[in-house]
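Subject: Handover of a structure and the findings from it

Dear colleague,

Please find below the structure that I am handing over to you. My findings follow it.

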Amino acid sequence: LVSKMEGRKSAILFGDSLTQRSFDQSTSGWGLSLTSYWAAKIDVLNRGFSGYNTRWGGYLLQEIFGNLPKNQSPCLVTLFWGANDSCEPPSGQHVPLHEFASNLAAMIDYIRQHAGEKVAIVVMTPPAFVLEKWKNWCQRNNKPDLMWQSKSNDTVQKYRDAALKVAAEKECHNVDIFGQMMQKPENERADCLSDGLHLSAAGNKFVWKCLKEHIEVSHPSLTEAALPFPFPYWASVDPLDLPKSFPGRSNAFDSQ
């Protein structure tokens, strides 16, 4: 049983649409799978913002991480960036490679400053990109040609490499979604993306598999089996002596 003085554990998922959509039930979002895995033990907060890049994300850091409640710093933070930064100019979402790396490093520094050095920061590389599928989706939906012409898998790989380099320099953990996707056959890789860019149900299941394996190997204290249940199990509650079953806690009803 966890003491209430320790505060509830939380995890923050910070990124672009790949994180925002991770709570999408229709595509079995990877964030929902993580929430289910940690149900009642760790609160998972989705801080994903569709269309954002690391430059714009810098304007959100203070609000998300700068005023964390005392005793409630996150135990884990995922940084899932690069899919939009890697758009090529003249796209307004483009962030130069050197700036992307600098922004990611600054995010890590800021989070450690405000959440503490013990927080596990996991850099997740952007998924591989399938141009033909994205081009077809853009054309079917009457999107401007710039939307598909500004993307290439070769460019995404450069941002993936930069993300891994920053993670190594900052001694952070990483989950290399891009690298593991590229090991798949081309047809399976395409199946992981609903439109060539965003994750499908198969892609979300793949990302969750990668993240879960990482947690089990690199953060064994955060596995579902290792985490203590924060409240008494129902079978241990004595209905005739509730104060004894909830030591250190008062019944809010008694004050009404």
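Which residue is the bridge partner of Val122 in β5? In this predicted model, that partner is His173. The pairing of β4 with β5 is parallel and rests on three bridges.

On its other pairing, β4 meets strand β3 (residues 76-80), again in the parallel sense, through five bridges. Here Leu79 has Val123 of β4 as its bridge partner. Between β3 and β4 the chain passes through helix α5 (residues 97-115), and the resulting β-α-β crossover is right-handed.

Strand β4 is largely enclosed by the rest of the structure, because five of its five residues are buried. Ala120, Val122 and Met124 lie on one side of the strand, Ile121 and Val123 on the other, and both faces are covered.

Overall composition

The protein chain contains 12 helices and five strands. Its C-alpha atoms fill a box of roughly 70 × 35 × 35 Å along the principal axes. Of its 256 residues, 46% are buried. Where contacts link residues at least 6 apart in sequence, 77% of them join residues at least 24 apart.

Helices α11 and α8

Helix α11 comprises 18 residues, 201-218. From first C-alpha to last it reaches 25 Å, close to the expected 26 Å. The buried residues of α11 include Phe206, Trp208, Leu211 and His214. The partners against which the buried residues of α11 pack are α2 (30-37), β4 (120-124), β5 (173-175) and α9 (177-182).

Helix α8 (residues 153-169) has 17 residues and a reach of 24 Å, close to the 24 Å expected. Among its buried residues are Asn153, Tyr159, Arg160 and Val166. These buried positions of α8 pack against α5, β4, β5 and α9. Just after α8, Glu171 adopts a positive phi of about 55°.

The surroundings of His219

His219 is located in the loop between α11 and α12 (242-245). Its relative accessible area is 7%, below the 20% cut-off, and His219 therefore counts as buried. The side chains of His219 and His214 form a polar contact of 3.1 Å. Setting aside residues up to four places away in sequence, His219 touches Leu76, Ala120, Val122, His173 and His214. Two of these names have already appeared above as bridge partners, namely Val122 and His173.

Nonpolar cores

The largest nonpolar core has 39 residues. Trp30, Leu34, Trp38, Leu76, Met124, Ile177 and Leu222 have the most contacts inside it. At least two residues of this core come from each of β1 (9-15), α2, β2 (42-48), β3, β4, α6 (131-140), α9 and α11. Helix α11 supplies the largest share, six residues.

Trp38 is in contact with Ala11, Val44, Leu76, Ile215, Leu222 and Leu227, when its neighbours within four places in sequence are left aside. A second core, separate from the one above, has 28 residues, including Phe14, Phe65, Leu79 and Cys172.

Two further buried positions

Gly31 is part of helix α2. With a relative accessibility of 0%, Gly31 counts as buried. Leaving out neighbours within four places in sequence, Gly31 is in contact with Leu13, Ser22 and Phe23. Gly31 and Gln20 are 11 residues apart along the chain, and 8.7 Å separates their C-alpha atoms.

Thr78 belongs to strand β3. Thr78 is likewise buried, with a relative accessible area of 0%. Apart from neighbours within four places in sequence, the residues in contact with Thr78 are Ile12, Leu13, Phe14, Trp30, Val122 and Met124. Thr78 lies 63 residues from Gly15 in sequence, while their C-alpha atoms are 7.9 Å apart in space.

With kind regards

Technical notes:
Residues numbered from 1 in each chain as written. Predicted model: local features only at pLDDT ≥ 70, side-chain atom pairs only at ≥ 80, totals over all residues. Heavy atoms only, no water. Helix = DSSP H or I, 4+ residues; strand = E, 2+ residues; numbered from the N terminus. Expected span 1.5 Å × (residues − 1). Buried < 20%, exposed > 50% of the residue type's maximum accessible area, 1.4 Å probe, protein only. Contact = heavy atoms within 4.5 Å. Pairing = 2+ DSSP bridges. Right-handed = clockwise from strand over helix to strand, strands pointing away. Polar contact = N/O pair within 3.5 Å; in protein donor to acceptor, adjacent residues only side chain to side chain. Core = buried A, V, L, I, M, F, W, Y, C linked by side-chain atoms within 4.5 Å.
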